[in-house]
Amino acid sequence: MVPPLALDIDGTLTTRDDRIDPRVFEVVPAWDAPVVVATGKSFPYPVALCHFLGIPERVVAENGGVVCADGQVSFQGDRDRAEQAAETFRARGGDLGWDDADTTNRWRETELAARIDADEALLREVADEFDLEVVDTGYAYHLKTPGVEKGDGLAAVAETLGVDTDSFVAIGDSENDVSLFETAGESYAVANADDRAKAAADTVVAGSYFDGTHSVLESLRSASG
Ligand SMILES: O=C(O)COP(=O)(O)O
Ligand SMILES: [Mg+2]
């Protein structure tokens, strides 16, 4: 039997140029165990990914802020506080960096994200004042409630599914995956992962992006017989 999976999206299911690797559409729907998509992106993104993969919506979004499994959704984190902090950030000359449509934050319910070229020092200063934290995924800065983590989201999904968290294999690439790695029984960082993710993972694989993820999935599949 293959193990259940907790998969990050950006940097893990993607290519170097931020596209979903086409092999994801072959390998993930054929995986014969639950797959949880655990991301910093807002809720509609992993839901859409599950939909178009043809797999059940088992999702941790917004770094643990939104958790969905078996048709139930729950929320953790204080978006209003993040909004207030963002207002202060803007008043001091900061810019979250999105256009008017702001599809990055438009559907975000528990935190806010800033573009990776936003003023990090100012964002951290303001976050401190509002008792929020800044998480750097390499793709965006997330202004979030401390203690809301992907790992707790995975634990909640695992409980809903009646599956032990220890049986999960997690694969990811950045500091927002550290809690996921700690919660899952076994964890892998892809080669493009940041230092925190690499330090937290049981194994750092040689391949980058989905090449690395694919190699893990292949070896799990052959080990399962
Ligand atoms: O939303 C981000 O910044 C990164 O998303 P990820 O957690 O899927 O890598
Ligand atoms: Mg990632």
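I will talk about one small sheet with the helix against it, and then about one annotated residue. Please keep in mind throughout that what we are looking at is a predicted model.

Let me begin with the sheet, which is built from three strands and is open, with the strands lying in the order β6-β8-β7 and pairing in antiparallel fashion. The edge positions belong to β6, residues 112-115, and β7, residues 133-136, and because each of these has a single partner strand, one side of each is left without a neighbour in the sheet. Averaged over neighbouring strands, and ignoring direction, the turn of one strand against the next is 25°.

If we look at the pairing of β6 with β8, the latter covering residues 140-144, we find that the two run antiparallel and are joined by four bridges. To pick out one residue pair, Arg115 has Ala140 in β8 as its bridge partner. Packed on this sheet is helix α3, residues 79-91, which touches both β6 and β8, and whose direction makes about 120° with that of β8.

Now to the annotated residue. Asp8 is listed by UniProt under "active site", although I should stress that the entry is unreviewed. Where does Asp8 sit in the chain? Asp8 lies in the loop between β1, residues 5-7, and α1, residues 24-27.

Is Asp8 buried or exposed? The model has 30 other C-beta atoms within 10 Å of Asp8, and since 20 or more is the cut-off for calling a residue buried, Asp8 counts as buried. Leaving aside residues up to four places away in sequence, Asp8 touches Ala38 and Thr39, as well as Ile171, Gly172, Asp173 and Asp177.

Technical notes. Residues are numbered from 1 along each chain as its sequence is written. Chains are lettered from A and ligands numbered from 1 in the order in which they are written. This is a predicted model: local features need pLDDT of at least 70, side-chain atom pairs count only at pLDDT 80 or more; totals for chains, interfaces and linings use all residues. Two strands pair if DSSP finds at least two bridges between them. Axes are lines fitted to C-alpha atoms, for helices over the stretch in contact, and angles run from 0 to 180 degrees between N-to-C directions. Two residues are in contact if their C-beta atoms, placed from the backbone, lie within 7 Å. UniProt positions are given in the numbering used here, feature names are shortened, and annotations may be inferred rather than shown by experiment. A residue is buried if 20 or more other C-beta atoms lie within 10 Å of its own, exposed if 12 or fewer, and partly exposed in between; C-beta atoms are placed from the backbone.
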